[in-house]
Amino acid sequence: MAVKLDRVVPWGRSFDEYVRMFALSEEDLGRGILDCAAGPSSFNAEMFALGRRVVSCDPVYEFSAEQIRARVAEVRDDMIGQVREQLWQFVWEWIGSPEHLEELRMGAMEKFLTDFSSVGARQRYRVAALPSLELGDGEFGLGLCSHFLFLYSEWLDEGFHVDSVREMLRVAGEVRIFPVTEMDGRVSRHLAKVREEFDGELVKVSYEFLKGANQMLVLRR
């Protein structure tokens, strides 16, 4: 994947956040789930502990748990520092403070790292990157993508978004993407094209940390 670890900013989210971001029901959690651009989130680890099936894809998985842990330590203070400098951009309700945010993120990433280094885990953590996934057609019931598509619209163009969504719909019957905003909280410049191309539905969810980021896009094959 030719990923340089010093350019990766690992910032994992938890099972509870996934449930809220993607409005996941008990029925949803029982489906085969693909988590794209999953990074060091603990969703896979926590689902595995519940006996549920998730396959996570991310190019960062080519590195060892020790390498990822070291990179987390390198970026931790800077990430929290940036949040403290921009407190007004966030909704401090479910997450109550920068300290609480740090606790949540580090806790999620520690669960990921423990699971990632366990025996057999590489079957659930695949080295892969959108818009090309080496997975079978219709292999999953539900595909998720958190804080990657749309959020980085300034750097990932319209074609990348269209190709990525098409690829996710190839391997999963339903796809949910959160959020649909860019870094500054404005609706992604690529959202209209993706909705036009795939007839996507916007759904409001109960999760909002970045102000204005409280909708997911739902698409079905």
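## Surroundings of F22

In this predicted model, F22 is in contact with L144, C145, S146, R176, I177, F178 and M216, once its neighbours within four places in sequence are left aside. Apart from the core that F22 helps to form, a second, separate core of 28 residues is present, and this second core includes L135, M168, V175 and L219.

## The largest nonpolar core

F22 belongs to the largest nonpolar core, which has 43 residues, and F22, L24, F43, I68 and L144 are the members that touch the most other members. Two or more residues are given to this core by each of the helices α1 (15-21), α3 (43-49), α4 (65-85) and α5 (98-116), and likewise by each of the strands β4 (140-146) and β7 (215-220). Among the contributing elements, α4 supplies the largest share of this core, namely 7 residues.

## R76 on helix α4

Helix α4 also holds R76, a residue that is partly exposed because its relative accessible area of 31% lies between the 20% limit for buried residues and the 50% limit for exposed ones. When its neighbours within four places in sequence are left aside, R76 is in contact with W11, E102 and M106. With one of these residues, E102, the side chain of R76 forms a polar contact of 2.6 Å.

A longer separation can be given for R76 and G159, which are 83 residues apart along the chain and whose C-alpha atoms are separated by 32 Å.

Key: Residues numbered from 1 in each chain as written. Predicted model: local features only at pLDDT ≥ 70, side-chain atom pairs only at ≥ 80, totals over all residues. Heavy atoms only, no water. Core = buried A, V, L, I, M, F, W, Y, C linked by side-chain atoms within 4.5 Å. Buried < 20%, exposed > 50% of the residue type's maximum accessible area, 1.4 Å probe, protein only. Helix = DSSP H or I, 4+ residues; strand = E, 2+ residues; numbered from the N terminus. Contact = heavy atoms within 4.5 Å. Polar contact = N/O pair within 3.5 Å; in protein donor to acceptor, adjacent residues only side chain to side chain.
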